[in-house]
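Here are a few friendly notes to read alongside the model. I have grouped them by topic so you can follow along on screen.

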Amino acid sequence: MAFEPVLLRHLQIPGIQHLDTYQAHGGYQALKRALELTPEQVVQLVKDSGLRGRGGAGFPTGVKWGFIPKDHPGPIYLCVNADESEPGTFNNRILMEGDPHQVLEGTIISAYAIRASVAYIYIRYEYGRAYRILQRAIEELYKHGLLGRNILGKAGFNLDIYIHRGAGAYICGEETGLIESLEGKRAWPRIKPPFPAVQGLFQKPTIVNNVETLACVKHILERGPQWFRSIGVPPDPNNPRDIGSFGPKLYCLSGHVNRPGCYELPLGITARELIEKYGGGVWNGRRVKAIIPGGLSMGFMSDQELDTPLDFNGPLKVGCLGLGTAAVIVIDDRTSMIDVLYNSCRFFAHESCGQCTPCREGTAWMTKILARIRRGEGYLDDLDLLLEIANGIGIMPGTTICGLADGAAWPVKTAITKFRAEFEDYIRNSRSRSVTLRETTKTL
Amino acid sequence: MAIITVNGRDIEIGDHESLNLIQAAQRAGVEIPHYCWHPALSVVASCRMCLVEVGEKRSDGSIVMQPRVVPACQTPAKHGTVVVTNSPKARAAQAATLEYLLLNHPLDCPVCDQAGECLLQDYSYKYGRARSRLREGKLAKADKYHIGDQIVLFTDRCVMCTRCVRFTREISGTAELEVIHRGDHAEIDIFPGKPCNNKLAGNVVDICPVGALCSKDFLYKQRVWFLKSQKSVCPQCATGCSIWIDHNKNIVYRLRPRYNPQANGYFMCDEGRFGYHHVNSKERLLQPLGRQSSEWMPLNWLQLVQEIRSRLDEIRQAQEDHLTALVLSPWLTLEEAWLACQWMRQMCPRAKLVRGPIRDLGEDDIYPKTSRGEAVPRDKAKFIIRGEKAPNRCGLDIILRHYETTIVTWTQWLESIAQQNILHVYFINSDPLWEASALELEALRSLRTLVVHDIFPRDWPSVAHWLIPATTFAEKSGTYINADGLAQTVRPAIIPPEGMWSEARFFWQLLDRTGLYHAPTVRREIASTIAALQPLDADELGESGIPIRSCA
């Protein structure tokens with residue numbers, strides 16, 4: 001059966017951002033269907049579909065919804081995580097700018113399922129256009145009775161959606177950092193437990209979901225969980241912890257390819273197929289040196305590992321942190337891994353919130369070391385030190401509150417283990433050059 | 001009964017205790033290093049110094065360990081919890097955290113006030129590594145002298161535990177301190193133009209585990225390893241905070257709060273903390289003086305005892321003892337007040353005993369403040385600064401009630417002084433800040449006898465006939481009873497200057513008692529005489545004191 005895109009299907013239709021056009025193409029039918037069911041039935045549908053969060057961690061969405069305490073008097077909050085900051089990721093932007101009502105329909109259905117009365121869309125500041133488009137769409141919904149009180153005549157189902165613009169911090173994409181930021185505080189991730197589903201925004205039960213996850217919810221309601229499970233990769237029978245990777249996924253392809261862009265494909269496509277068939281191969285006829293499988297924090301895959309399926313399980317097998325946001329960045333064979341890694345470390349050191357000691361100090365230290373190596377003043381034992389720091393701040397589980405340090409550590413670990421020869425060569429050669437230069441200046 | 005295993009040793013904790021693993025390990029005698037956790041503040045688990053391995057002991061005796069290290073401060077101790085603090089994994093995590101903390105730390109211990117009582121030093125020695133592997137330069141951050149009138153921030157020494165930030169948010173409620181910037185550039189700071197000057201601000205210096213926040217009052221005055229500490233009680237208000245008096249060579253250098261759940265908790269106010277300077281003051285009255293016609297003559301103490309005694313004898317023989325009054329300061333200890341009353345009644349059986357002047361600033365100052373600066377209700381209070389600026393009003397009242405049917409206050413007595421035709425007054429003031437007003441001086445001017453005990457000479461030479469130096473709280477030995485009726489022991493940290501006698505010793509001599517004044521003996525004597533003080537009939541009042549029910 002040929003794969004048929006659903007998330008990006010309406011993107012080319014002119015005026016799809018407007019409610020009437022969206023409704024003319026079957027919009028808000030899924031919401032009507034959802035309102036015929038009880039919230040529990042909607043949660044069950046999503047559980048049955050095997051939908052896993054698209055924001056990076058891949059936690060089963062239905063299970064997360066199930067953590068909301070039963071019979072909670074409310075209010076319950078839904079937060080839409082549109083603080084898309086993972087380097088290389090841009091699928092949320094395309095969804096929000098191209099088909100905002102699809103996102104909002106998924107949001108309203110999910111709010112109904114978890115009995116939320118308020119939904120906050122936390123959108124990164126840089127997404128001004130997406131913010132304006134969403135804001136206009138929300139106003140349309142209020143005008144047509146799809147938001148506010150007793151939505152679509154369903155007595156007792158009230159929902160308000162507010163958009164909150166972030167102020168440009170990567171850490172606000174972490175779910176508890178996002179909640180702190182929404183509360184008006186510094187986005188310092190919270191310690192867990194209590195989990196947000198029990199005590200989140202304003203100490204009330206809160207679910208934080210990614211934009212793409214919510215868009216998928218709409219289609220699960222429309223086409224049923226069986227359709228969703230027919231796409232993707234079933235659980236690996238040899239791995240009892242694998243629960244399968246189902247559904248369509250938006251792969252963000254960028255870097256040194258001929259046709260970068262956002263491609264909707266079934267989960268489990270291999271990196272090679274994505275780059276060659278959809279991305280049109282590496283630019284200028286060069287070869288792949290490495291790819292980042294799912295946003296910078298997942299680490300690197302070498303060119304030997306391109307046949308790995310990009311599902312929730314695949315990148316783990318080749319020593320990466322996971323699928324992440326499925327944002328594939330291609331690095332060609334003329335790019336220095338030292339530069340790539342330096343850039344990665346600089347990013348995470350800049351974005352570390354400064355709360356936990358290992359991340360605050362470790363990310364900055366790794367950046368300093370790599371900057372020194374790049375200057376030609378590296379030592380071979382710096383590589384082991386880098387690996388030790390990476391292990392200490394993020395690879396060893398439990399050393400920090402949130403996952404930012406993991407994201408900073410995995411690129412270092414994978415780059416140095418997989419491209420060690422290149423690092424050693426660089427240190428040896430650049431070092432001898434700079435030493436010679438220094439000696440020359442001395443004799444002058 | 002919950003059983004917890006710490007490094008292979010089982011300990012028991014009570015069913016209704018909610019302890020974290022740091023506290024549980026403490027019971028087992030195992031120290032888990034920590035910076036950000038403080039028992040009085042919320043848990044943030046951000047310093048990551050207390051990482052340990054945790055597991056669970058099943059009912060069949062098997063132990064299942066978690067694969068991750070966890071912060072001990074955030075993990076509750078439950079039945080069957082297994083804590084391992086000395087495994088290679090836990091050790092590695094602790095050593096790594098310390099290495100990160102020291103990366104940008106200036107290591108300026110030789111000029112740092114905290115050196116000697118610094119957790120960064122202690123833990124580095126115990127858990128850290130000897131050499132830094134940092135080949136690059138350290139980050140430099142500017143010192144912040146403007147952060148408060150009493151505190152200074154040495155920004156580069158900070159380990160970002162945020163205890164101080166949480167203190168101003170949760171205990172004082174004034175929220176002056178905050179974190180600015182991100183990552184390793186993060187710093188503690190104030191909002192522009194709003195320094196941290198709340199009345200509890202000095203506590204951030206104590207809770208700072210490193211030398212980042214220092215007290216301007218103590219800065220560069222003394223290395224802490226020269227200091228000797230004495231357990232005592234703060235006299236500045238009726239809260240009666242338990243304190244440490246840190247002193248060296250008979251000079252008091254600073255006061256620090258001492259944990260007492262029944263009085264002050266972990267903290268004390270700045271009024272008390274910085275209110276010790278009168279002890280070291282050069283202005284103090286050091287020698288007894290007697291007035292002969294218009295000349296003031298220095299007396300030695302034995303002469304003084306003779307003169308006072310013979311004066312009182314004269315009064316009694318002249319049948320004027322009902323025209324005599326003894327005014328007792330509420331800054332006197334229980335024992336001093338007792339001895340003074342006993343002596344006065346022995347010499348002049350009909351003498352009036354009067355409660356001396358109390359500085360009262362009215363309303364108690366209750367913390368935390370709300371965001372609007374209002375006080376929280378008293379039952380939610382985390383700290384109370386009393387308006388009544390005296391440490392022992394309760395104790396003094398119990399003594400006075402033993403001798404008198406009603407308690408006559410200073411103002412009541414002063415109003416009636418003319419009608420009653422009072423001629424002889426023995427006035428004891430130990431409050432360093434109380435000054436007689438012109439009106440009060442005028443009322444005392446026409447007396448035939450005025451004996452004054454005071455720390456400072458003030459205006460007394462113009463009205464008094466004898467002027468006797470009084471001791472300060474840091475030199476006293478005795479008992480204070482605070483506003484809640486908690487009796488605590490005051491211990492002398494330093495000896496009075498220049499051979500000065502304490503009030504207790506002076507009255508001891510006047511009473512012609514043999515041997516030396518010993519406060520616990522006198523306290524037991526009082527306890528066996530006054531029923532209300534019966535609980536004080538013990539050798540020791542303990543670390544946190546004994547509550548007296550009839551007071552509260």
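**Notes on the two chains**

1. Let's begin where the chains meet. In this predicted model, 27 residues of chain A are in contact with 29 residues of chain B. On the chain A side, helix 13 (337-351), helix 14 (357-374) and helix 15 (381-395) each supply at least two residues. Helix 14 of chain A gives the largest share, 10 residues. By character, the side of chain A that touches chain B divides into 11 nonpolar, 11 polar and five charged residues.

2. Next, the layout of chain B. The chain is divided into domain 1 (2-96), domain 2 (104-224) and domain 3 (289-359 + 390-547). The centres of domain 1 and domain 2 of chain B, taken over C-alpha atoms, are separated by 27 Å. Their contact takes 13 residues from domain 1 and 15 residues from domain 2 of chain B. On the side of domain 1 that touches domain 2 of chain B, nine residues are nonpolar, four are polar and none is charged.

3. Chain B also has a sheet worth a look. Three strands form an open sheet in the order 22-23-24 of chain B, and their pairing is antiparallel. Strand 22 (478-481) and strand 24 (546-547) of chain B each have a single partner strand, so they stand at the edges and one side of each is left without a neighbour in the sheet. Strand 23 (residues 486-490) of chain B is joined to strand 24 of chain B by two bridges. If you want a spot to zoom in on, B:Leu486 stands opposite B:Pro547 of strand 24 of chain B.

4. Two peptide bonds in chain A deserve a check on screen. The bond from A:Gly74 to A:Pro75 is cis, with omega near -5 degrees; A:Pro75 sits in the loop between helix 4 (61-66) and strand 1 (77-82) of chain A. The bond from A:Pro193 to A:Pro194 is also cis, with omega near 0 degrees, and A:Pro194 belongs to the loop between helix 8 (175-182) and strand 4 (206-210) of chain A.

5. Finally, which residue in the loop between helix 6 (100-114) and strand 2 (118-123) of chain A should you look at? That is A:Arg115, which is not a glycine yet has a positive phi of about 60 degrees. A:Arg115 counts as partly exposed because it has 19 C-beta neighbours inside 10 Å. In chain B, B:Asn421 has a positive phi too, near 65 degrees, and lies in the loop between helix 10 (410-416) and strand 19 (424-428) of chain B. With 10 other C-beta atoms within 10 Å, B:Asn421 is exposed.

Conventions: Residues numbered from 1 in each chain as written. Chains lettered and ligands numbered in written order. Predicted model: local features only at pLDDT ≥ 70, side-chain atom pairs only at ≥ 80, totals over all residues. Pairing = 2+ DSSP bridges. Helix = DSSP H or I, 4+ residues; strand = E, 2+ residues; numbered from the N terminus. Domains from an automatic or database assignment. Contact = placed C-beta atoms within 7 Å. Nonpolar A, V, L, I, M, F, W, Y, C, P; charged D, E, K, R; others polar. Buried ≥ 20, exposed ≤ 12 C-beta atoms within 10 Å, placed from the backbone.
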